[in-house]
Amino acid sequence: MSEQDKSTTHFGYKTVEANEKEQMVASVFHSVAAKYDIMNDLMSFGIHRLWKRFTIDCSGVRKGQKVLDLAGGTGDLTAKFSRIVGETGQVVLADINDSMLKVGRDKLRNKGLGNNISYVQANAEALPFPDNHFDLITIAFGLRNVTDKDKALASMQRVLKPGGRLLVLEFSKPQHEIMNKLYDFYSFNILPKVGSLVAQDGDSYKYLAESIRMHPDQETLKGMMEQAGLEQVEYFNLTDGIVALHRGFKF
């Protein structure tokens with residue numbers, strides 16, 4: 001890739017300057033933070049809870065371990081991991097967006113969680129943690145918003161302990177054409193309308209639909225994770241591949 005190519009990136013279907021995307025994505029999530037949880041339930045008909053439960057089941061996380069919930073948003077995974085790792089463990093909820101972090105922190109504190117949770121505003125491309133630090137890293141529905149995904153995956157690999165696992169839960173490519181067509185119709189005709197009604201922000205949800213289509217498909221993301229140094233990379237298609245969970249190990 002040439003330097004000229006690296007200077008631009010995708011923001012949904014638009015081509016923008018790479019150094020502008022971070023701020024544009026930030027504006028989207030500042031806008032949707034307050035309604036993020038209710039929109040997740042409406043957008044996925046509640047199925048996102050099953051996707052996240054499967055992610056927990058595949059994590060292999062145990063009591064006393066250190067977990068990084070990256071792009072952790074409003075803290076759904078952090079809440080589960082906090083209970084699993086217990087008082088001797090640690091969970092870091094990290095997000096680049098301070099509005100999302102605040103919503104997540106308030107939500108987790110209201111649940112009585114917090115003794116083993118810390119909150120860090122961090123860019124996935126340059127994680128502010130030591131090498132070989134975490135037993136597990138999860139990034140759920142966040143990687144597609146990162147400007148330089150290769151750089152972010154390398155950063156995650158760096159801070160994983162040997163034997164540690166990276167789980168990437170992300171929207172992906174449906175496996176059957178009829179599902180693809182239904183999904184396209186829903187994403188571009190229904191989703192922005194729901195966003196307008198509930199979050200008073202149809203444009204942000206139009207961007208989110210576009211960003212899903214621009215995200216690497218299952219095999220491409222698998223290759224990117226391997227290129228970043230992760231091994232035994234595999235993926236699981238959920239809901240016909242509308243979402244995929246990728247898992248890779250650092251050895």
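A salt bridge here is a side-chain nitrogen of Lys or Arg within 4 Å of a carboxyl oxygen of Asp or Glu. With that in hand, here are some close-ups of this predicted model.

**View 1. Arg-105 and Asp-106 pair up through their side chains.** The N-to-O distance is 3.9 Å, which makes the cut because a salt bridge needs the two atoms within 4 Å. Arg-105 is partly exposed at 29% relative accessible area, and Asp-106 is partly exposed too, at 40%. Searching the whole structure turns up 9 salt bridges.

**View 2. Arg-158 reaches Asp-131 in a salt bridge.** The closest N and O atoms sit 2.6 Å apart. This pair ties together distant parts of the chain, 27 residues apart: Arg-158 belongs to helix 7 (residues 149-159), while Asp-131 is in the loop between strand 5 (117-121) and strand 6 (134-140). Arg-158 has a relative accessible area of 28%, so it counts as partly exposed. Asp-131 is partly exposed as well, at 47%.

**View 3. Asp-184 and Arg-213 form a salt bridge between two helices.** Here the closest N and O atoms are 2.8 Å apart. Asp-184 comes from helix 8 (residues 177-199) and Arg-213 from helix 9 (residues 202-214), a link between distant parts of the chain with the partners 29 residues apart. Both ends are partly exposed: Asp-184 has a relative accessible area of 30%, and Arg-213 comes in at 22%.

**View 4. Lys-52, Asp-76 and Lys-107 share a network of salt bridges.** As a rule, side chains of opposite charge can pair when their charged atoms come close.

**View 5. Asp-95 is a buried residue in strand 4.** The strand covers residues 90-95, and Asp-95 has a relative accessible area of 7%, so it counts as buried. What does the side chain of Asp-95 reach at 2.9 Å? That would be the backbone nitrogen of Gly-73. Leaving aside residues up to four places away in sequence, Asp-95 touches Ala-71, Gly-72, Gly-73, Met-100, Leu-101, Val-120, Gln-121 and Ala-122.

**View 6. Thr-74 sits in a loop and is buried.** The loop in question runs between strand 3 (66-70) and helix 5 (76-85). Thr-74 has a relative accessible area of 3%. An unreviewed UniProt entry puts the feature "binding site" at Thr-74, Asp-95, Asn-123 and Ala-124, so the record's list includes the residues featured in this view and in View 5.

Key. Residues numbered from 1 in each chain as written. Predicted model: local features only at pLDDT ≥ 70, side-chain atom pairs only at ≥ 80, totals over all residues. Heavy atoms only, no water. UniProt positions renumbered as here; feature names shortened; annotations may be inferred. Helix = DSSP H or I, 4+ residues; strand = E, 2+ residues; numbered from the N terminus. Buried < 20%, exposed > 50% of the residue type's maximum accessible area, 1.4 Å probe, protein only. Contact = heavy atoms within 4.5 Å. Polar contact = N/O pair within 3.5 Å; in protein donor to acceptor, adjacent residues only side chain to side chain.
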